[in-house]
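Here is a friendly walk through a few local features, with backbone angles, cysteines and surface charge among the topics. Have the viewer open and follow along.

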Amino acid sequence: MYRYSSRIKFNSVFRYISSRASRKYFPIIDGTLQQEHRRVFEVNLQNSQICHQRYQEHWDKVLKGGGQNAVTRHTQGNQKILARERIRMLLDDEDYLELSPFAGLGLPYGDIPGAACLTGVGKIKGLWCLFAANDATVKGGTCFPITAKKQIRAQEVAMQNRLPCVYLGDSAGVFIPLQADIFPDKNQGGSMFYNEAIMAAMNIPQVSLVCGSCTAGGAYTPTMAEETVIVDRIGAIFLGGPPLVKAATGEEVSSEVLGGAALHSEVSGVVDHFVSVESEGFECVRNIISTLNFSLPEENPTEVEEPLYSAEDLLGLAPLDYSNSLDVRLILSRLIDGSRFQEFKARYGTTLLTGFARIEGHQVGIVANNGELTYEACLKGSHFIQLCNQRDTPLIFLQNTAPEPAPTLSKAQAESNSNRLKSQGSMMSAVACASVPKITVVIGGCHGADSYAMCGRAFEPNFLFLWPNARVSILAPGHAGAVLHDEEEDAQEINEILKEESSAFFSSGRLWDDGVIPPQDTRKMLGKCISIMNQQKYRLQQEKQHIPLRF
């Protein structure tokens, strides 16, 4: 049930007026590429083309799922719809944000395309909702350690942004040979069910569609959801399937009799809605979502200024390495509305760029590396982050940190580094304690303690994305000698390890981020994320009236 209130309308008008005011008064950044930039631009562009080729290769692997034989068995043998097609049928349109699509690639136990599940955020009946769908073409939808990690991360996104959740269940349960990495510990498989309970306590709606077997631990996801839909002769819920029953008791029993749609909708009461075919199930889920109590603003398309400079130039501005970084204003001018930016403390701590801008009409605070994170830069960053927190302005971090720690070769350097250490701690505290939404985009390097101050993964931004050229490691490749001064062979070996393990694709395969994105898609992605984060403002939440006890 959606309602439109006068307060929401007033806020929409106020934001529109504010938007026009900012377009009028914010200064324009000069994003012109000068002749002296050309050499670095060409070097970066060549590297970006190589990275994009690798990016495309990873996408090709993900889109193939478990391979042609598995796809044929899923669609023709089992008469089921593929996970990506299920998402298309569930959502209003195909303009959704997919999370961590490269998770599961390049792992020690082999490639698990998409981590055997598809997660993201898309619109259902006009509401941004988080979805998590098992991909049964990948090992029958088996839950690997990376699968559990991906689904838990999806739930974290839902909790941070108060998003309704839809689970599409089609899983064979845990991959038992790797049970030690899935079952026993915190933030492993059991956390999925813990999170479901916590989300229910937070009044975050959760809906489940059983469109395949939900076996063993997978049976708890639909059981714990607020409302559950099951598809006849396709959906089934049981702790142990027919093969386990046969092995334990010698009795032969069908999936339908053991835990099918008729049993759970008519006898056990585990599910709430019975549907005959999958397409009917998606429509049922969409109808359930339409009952949620949000007061969405009326959609009045407002004029949004496009950046004055081409987003395609970002391919030549994405640095090959730290030494090939250009002024971050060149990047920013290609991301923000009208290339307009209200800079904060422009003449102090100049190696950190801070200020206000708009992205697709949404006001944001920008914190961007433009050199080493010095003492003055950290003080400036702390001040600006606290300012944005006071004004309830979302923060965007553009991260490209120094490749190695600052050297300490003299007493003066030691004093300078001590001051920097203290100011970095202050900036970390400001980032950790800021309650506004935060998005981090690693546009170059993500190295050392500087990455924490710039809202790295450990500081829990709402979303964190990497450009394909990004590097994530404690030291940048080639810089191990900065800490291993007299051990040349060891430094060389460490540099080889860093080169392999710091790539954006190594990171994304292990789910250290929410996805690798092409630089030219950054503005669109940021606009979508801000819209997703803002939706929680429109949830109608009233304090429950408790019925007094009678004595």
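## Two positive phi angles

A216 sits in the loop that runs between β5 (206-215) and α7 (220-224). Its phi is near 55°, a positive value in a residue other than glycine. Most residues other than glycine have a negative phi, so this is a handy spot to inspect in the model, which is a predicted one. The relative accessibility of A216 is 28%, so the residue counts as partly exposed.

S100 offers a second case: phi is near 45° there, again positive and again in a residue other than glycine. You will find S100 in the loop between β1 (97-99) and β2 (117-124). Is S100 buried or exposed? With a relative accessibility of 2%, S100 counts as buried, because buried means under 20% relative accessible area.

## Cysteines without partners

How many disulfides does the structure hold? The number is 0. Take C51, which is in no disulfide: the nearest cysteine sulfur belongs to C446 and is 16 Å away. A disulfide needs a pair of cysteine sulfur atoms within 2.5 Å, so the 16 Å between these two sulfurs rules out a bond. C51 has a relative accessibility of 13% and therefore counts as buried.

C446 is likewise in no disulfide, and the cysteine sulfur nearest to that of C446 is the one of C455, 11 Å away. For C446 the relative accessibility is 13%, so this residue counts as buried.

## A buried isoleucine

Next, please look at helix α19 (residues 522-534), where I530 lies. Its relative accessible area is 1%, so I530 is buried, given that the cut-off for buried is under 20%.

How far apart in space are I530 and M427, C-alpha to C-alpha? The distance is 23 Å, while in sequence the two residues are 103 residues apart.

## A patch of negative charge

On the surface, a patch of negative charge brings together E487, E488, E489, D490 and E493. One of these residues, E488, is found in helix α17, which covers residues 488-501.

Why does E488 count as exposed? Its relative accessibility is 68%, and exposed means over 50%, so E488 falls in that class. E488 thus makes a good starting point for viewing the patch, as a residue that is both exposed and a member of the negative group.

Note on methods
Residues are numbered from 1 along each chain as its sequence is written. This is a predicted model: local features need pLDDT of at least 70, side-chain atom pairs count only at pLDDT 80 or more; totals for chains, interfaces and linings use all residues. Side-chain values use heavy atoms; hydrogens and water are left out. Patches are made of residues with over 30% relative accessible area and no salt bridge: like charges are joined within 9 Å, nonpolar side chains (Val, Leu, Ile, Met, Phe, Trp, Tyr) within 5 Å. Accessible areas come from the Shrake-Rupley method with a 1.4 Å probe; for residues, only the protein chains shown count as cover. A salt bridge is a side-chain nitrogen of Lys or Arg within 4 Å of a carboxyl oxygen of Asp or Glu. Lys and Arg count as positive and Asp and Glu as negative; His and the chain ends are not counted. The place of a charge is taken as NZ of Lys, CZ of Arg, CG of Asp or CD of Glu. Helices (H or I, at least four residues) and strands (E, at least two) are DSSP runs, numbered from the N terminus. Buried means under 20% relative accessible area, exposed over 50%, partly exposed in between (1.4 Å probe, protein chains only).
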